[in-house]
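Please open the model in a viewer and keep the sequence panel at hand. The stops below are meant to be selected one after another.

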Amino acid sequence: MKWLLVAVLTTFTIFSAVTQSHLLHGSPVNSLCADLIHPANYSCTEHTIQTKDGYILALQRVASLGPRLQYGPPVLLQHGLFMAGDVWFLNSPEESLGFILADHGFDVWVGNVRGTRYSYGHVTLSETDKEFWDWSWQDLAMYDLAEMIQYLYSISNSKIFLVGHSQGTIMSFAALTQPHVAEMVEAAALLCPISYLDHVTAPLVERMVFMHLDQMVVALGLHQINFRSDMLVKLVDSLCEGHMDCTDFLTSITGTNCCFNGSRIEYYLDYEPHPSSVKNIRHLFQMIRKGTFAQYDYGYLKNLRVYGMSKPPEFKLSLIPASLPIWMGYGGTDGLADVIDVEHTLVELPSNPELLYLEDYGHIDFVLGTSAKEDVYKHMIQFFRARRKSSSW
């Protein structure tokens, strides 16, 4: 039973051969600016916002230092599952999207969803309360991302560019079905876009979903998945030593990555992974099983109480305005954002997004790939600049 629990908890982490010393060494606690941005000689300021359901979220504002600090068009970076805003800055300034956008004159804002170590607050709840973890990605979309976009819009008095990766794209799709959110966004760039997950090919993820191990975790009374807790560090160590080959864990859970620098794993582990909720994982597993892009399924009776219907309502991609420019980058070896599922998304969107397909790219290559600047980010920036042709920028 114990090793099965560890298997589901490790299904979505993005690194291999984890050890206690790797996970606990150098873990950032408070300031992304102090840890990663200022040491690279970029301007960075910390901001906090409060969601309508009481969570306190951290945002960072990043810009390139020059003779006179100026902010260009605002862009919000939204990270994926078990990540936080630090993922956009973990490679060198020449390779990391956050730094690259700042160097191109963008007003870069970095989002951190509830439960990550930068956004661990709530007006009344503690992270030790089970209610603190009663959320899934739909809450991250409807509350966290919506509030971030509103804040940036009010600060800049301008529509914003939105960038999401993986779970950040699920959040983006869901949020953009809301007219009041979509009208504040000038264009969206989505890396490894996900709205449907029923063609996931990552073998370890498929196995865990088939075994319904998410339900086991719920039955055990767990609410938070935190790989930096003593219990999980010991259990993961035990799993890798005796029950499972962890030498190629990344491929098992994301698919093959062509351009990921494996020699930097220990450094990445100083920052990743961040906590998430068990409910969030269960929601993602529901999507894989059911093949739907819908709200959280509580079961027949509670669905009636919460939604007024027996099944959870679906998010309709057709509600995203056809006039909203969208750019998508996706890869042929991605085991999570499968090409078939991306094509399903494209069929349902009312617009015709600009597409960048890289046959040898996997799920992690789009955020930590050493060649992503030339292969991916250059095209994204061209897309954004084309949206601002009429301005002086």
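Select Asn-112 together with Ala-58: the side chain of Asn-112 reaches the backbone oxygen of Ala-58 at 2.9 Å. This is a polar contact, a term for a pair of N or O atoms within 3.5 Å; within protein, one must be able to donate a hydrogen and the other to accept it, and residues adjacent in sequence count only if both atoms are side-chain atoms. The model is a predicted one, in which local features need pLDDT of at least 70 and side-chain atom pairs count only at pLDDT 80 or more, while totals for chains, interfaces and linings use all residues. Residues are numbered from 1 along each chain as its sequence is written, and side-chain values use heavy atoms, with hydrogens and water left out.

Remain at Asn-112, which is found in the loop between strand E4 (107–111) and strand E5 (121–122). Helices (H or I, at least four residues) and strands (E, at least two) are DSSP runs, numbered from the N terminus. Is Asn-112 buried or exposed? With a relative accessible area of 0%, Asn-112 is buried; the term means under 20% relative accessible area, whereas exposed means over 50% and partly exposed lies in between (1.4 Å probe, protein chains only). Leaving aside neighbours within four places in sequence, the residues in contact with Asn-112 include Leu-57, Gln-60, His-79, Tyr-118 and Met-148, where contact means heavy atoms within 4.5 Å. Add Leu-140 to the selection: its C-alpha atom is separated by 10.0 Å from that of Asn-112, although the two residues are 28 apart along the chain.

Next, select Ser-158, in the loop between helix H5 and strand E6 (160–165). Not counting residues up to four places away in sequence, Ser-158 touches Pro-74, Tyr-153 and Arg-388. Its C-alpha atom is 7.7 Å from that of Met-184, a residue 26 places away in sequence.

Helix H5 (residues 137–156) also leads to the largest nonpolar core. That core has 121 residues, and Leu-76, Trp-88, Val-163, Phe-293, Val-376 and Phe-384 are those with the most contacts inside it. A nonpolar core is a set of buried Ala, Val, Leu, Ile, Met, Phe, Trp, Tyr and Cys residues joined through side-chain atoms within 4.5 Å. H5 contributes the largest share of this core, 8 residues. Select Val-376 to see one part of the surroundings: apart from residues up to four places away in sequence, Val-376 touches Leu-191, Trp-327, Leu-356, Leu-358, Tyr-361 and Phe-366.

Now turn to helix H15 (residues 339–348), where Asp-341, Val-342, Thr-345 and Leu-346 are buried. Seen down the axis of H15, these buried residues fall within an arc of 145°, so they line one face of the helix; the arc is that of the directions from the helix axis to the C-beta atoms. What covers them includes helix H6 (167–176), strand E10 (326–331) and strand E11 (354–358). At the N-terminal end of H15, Asp-338 acts as a cap, with a side-chain oxygen 2.9 Å from the backbone nitrogen of Ile-340. Select H6 as well: 10 of its 10 residues are buried.

How many disulfides does a search of the whole structure find? The search finds 2, a disulfide being a pair of cysteine sulfur atoms within 2.5 Å. One joins Cys-33 to Cys-44, with S to S at 2.0 Å. Cys-33 belongs to helix H3 (residues 32–37) and Cys-44 to strand E1 (residues 42–50), 11 residues apart. Both Cys-33 and Cys-44 are buried. The torsion about their S-S bond is about -65°, so this disulfide is left-handed.

The other disulfide joins Cys-258 to Cys-259, with S to S at 2.4 Å. This link is left-handed, with -80° about the S-S bond. Cys-258 counts as partly exposed at 35% relative accessibility, whereas Cys-259 is buried at 14%.

Select Gln-286 in helix H13 (residues 278–290). At 8% relative accessibility, Gln-286 counts as buried. Outside its neighbours within four places in sequence, Gln-286 is in contact with Gly-291, Tyr-296 and Asp-297.

Finally, display the whole chain. Its secondary structure comes to 17 helices and 11 strands, and buried residues make up 58% of its 393 residues.
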